[in-house]
Amino acid sequence: MSKSPNTINSPLKPTSSSNFTSRTFLNKFQPFPLLSKPTNKISFLVRVSHSPTPQTKRTLTLISILHALPDWADRIKESGMQKNKALYNHEKWVEHRSSLRHVRHLVSSLSSRVILSLIPPVIFFTFVALIVASYNSAVALHWLPEFFPVLRASSLPYQLTAPALALLLVFRTEASYSRFEEGRKAWTKVIAGTNDFARQVIASVDGLGNVAIKKAILQYVMAFPIALKCHLIYGSDAGRDLQSFLEADDLALVLSSKHRPRCIIEFISQSLQILNVDESRRNLLESKISCFHEGIGVCEQLLGIPIPLSYTRLTSRFLVLWHLTLPIILWDDCHWIVVPATFISAASLFCIEEVGVLIEEPFPMLALDELCKVVRSNIQEALAVEKAIQARVNAKRKIHEPQHSSNGQPSS
């Protein structure tokens with residue numbers, strides 16, 4: 001069949017949902033020839049992007065150099081956030097309140113992720129102070145034309161706004177610490193609820209028919225805090241952490257779930273339904289699961305809802321503007337001392353703000369790995385001593401049972 005002269009050649013070939021659609025009808029709605037021209041323009045732009053000019057190369061190199069230091073500081077900070085924290089014991093508390101703690105803290109300053117993360121802003125503001133001091137010195141020495149003014153200003157605005165900045169930093173840090181405290185309390189309830197639920201299972205579930213299900217439930221209970229920890233902390237390897245608690249099929253199902261802690265709770269609930277116990281005991285065990293859901297809700301709320309962002313942005317902008325103008329305010333009184341003064345001020349105030357930002361997300365700051373290990377050791381110890389304690393209690397009951405004579409009266 002010959003091609004119609006009205007047909008427009010287009011790179012786009014629309015498809016028809018019906019075999020009875022007319023080709024003439026489709027050709028009427030094909031793009032106009034002008035719409036097919038951007039193909040060459042796009043290829044031209046792509047060729048230009050692959051061969052940047054020397055000026056573009058220098059710009060990209062400068063941007064990469066400027067990003068190198070902040071990226072390095074961020075990597076140090078994030079790697080420190082992923083390190084396992086340790087629970088304190090008596091020896092650690094003695095070291096914590098030692099009289100030499102100040103020396104130890106000073107010596108370890110260069111390895112502190114908080115201090116290392118402050119290197120980019122502190123260097124920047126110190127460099128700004130150095131530029132202002134150099135410029136003012138050049139103007140004072142008449143190295144520049146006379147119409148260049150000396151950068152100076154009254155310190156009265158700083159005296160008026162200093163209390164506002166102090167209160168802003170205090171409230172910001174206090175709000176972050178309240179979130180940290182709420183996260184700690186939530187995990188305290190989770191650990192206590194896990195231990196209590198395991199104790200109830202060990203004490204109330206018996207019989208040969210329940211041995212396998214009882215063991216599986218306890219394995220799920222030990223796996224729950226680990227799954228919750230992996231759910232909350234970025235970069236956690238849930239498969240590696242859970243493989244020693246769950247069977248291969250159960251682990252695959254949990255890992256494929258969108259919400260792994262709730263998947264493990266569902267395993268616990270379904271396992272309780274097939275236990276060979278009376279209904280009152282089953283209802284009691286099911287009521288203990290509510291603490292798991294409560295812990296998940298509190299933790300997800302803390303993870304998903306930060307301190308109001310306007311508050312965080314206001315604190316950051318206030319600090320930046322304060323230190324950008326600090327050398328100008330202090331020049332008349334300090335001259336070249338504005339450089340170390342700006343360094344000390346930036347290091348101090350930005351350090352307070354950085355601590356508030358770090359503890360705003362509480363879960364990387366808590367010793368969650370150690371808490372999960374404590375749960376596991378507690379349940380395993382309870383299982384190990386269960387039979388011994390039960391035998392001892394039964395022996396005591398037999399000893400203290402009253403002896404009866406043949407006529408049914410208790411013997412003396």
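The exercises below, each with a worked solution, deal with a predicted model.

Local features in this model need pLDDT of at least 70 and side-chain atom pairs count only at pLDDT 80 or more, whereas totals for chains, interfaces and linings use all residues. Residues are numbered from 1 along each chain as its sequence is written, and side-chain values use heavy atoms, with hydrogens and water left out.

**Exercise 1. Describe the secondary structure and the burial of the chain.**

Step 1: count the elements, taking helices (H or I, at least four residues) and strands (E, at least two) as DSSP runs numbered from the N terminus; the chain has 17 helices and zero strands.

Step 2: apply the burial classes, in which buried means under 20% relative accessible area, exposed over 50%, and partly exposed in between, with a 1.4 Å probe and protein chains only; 30% of the 412 residues count as buried.

**Exercise 2. Compare the span of helix α16 with its expected value, and find what its buried residues pack against.**

Step 1: the expected span is 1.5 Å times one less than the number of residues; for the 23 residues of α16 (338-360) this gives 33 Å, and the helix reaches 32 Å from its first C-alpha to its last, close to that value.

Step 2: list the buried residues of α16, among them V339, F350, L358 and I359, but also E353, E354 and E360.

Step 3: identify the partners; these buried residues pack against α3 (54-81), α6 (113-117), α7 (119-140), α8 (156-204) and α15 (309-334).

**Exercise 3. Locate the salt bridges that involve K288, K229 and R240, and classify their residues by accessibility.**

Step 1: take as a salt bridge a side-chain nitrogen of Lys or Arg within 4 Å of a carboxyl oxygen of Asp or Glu; the count by this rule comes to 13.

Step 2: K288 pairs with D196, the closest N and O atoms being 3.0 Å apart. Because K288 lies in the loop between α13 (279-287) and α14 (290-304) and D196 in helix α8, the pair ties together parts that are 92 residues apart in sequence. K288, at 23% relative accessible area, is partly exposed, as is D196 at 22%.

Step 3: D369 forms a salt bridge with K229, again with the closest N and O atoms 3.0 Å apart, and this pair links helix α17 (residues 368-400) to helix α9 (residues 211-232), 140 residues apart. D369 is partly exposed at 21%, while K229 is buried at 4%.

Step 4: D241 and R240 meet at 3.4 Å, N to O; D241 is buried at 16%, whereas R240 is exposed at 52%.

Step 5: assemble the pairs; K229, R240, D241 and D369 are linked in a network of salt bridges.

Key: Contact means heavy atoms within 4.5 Å.
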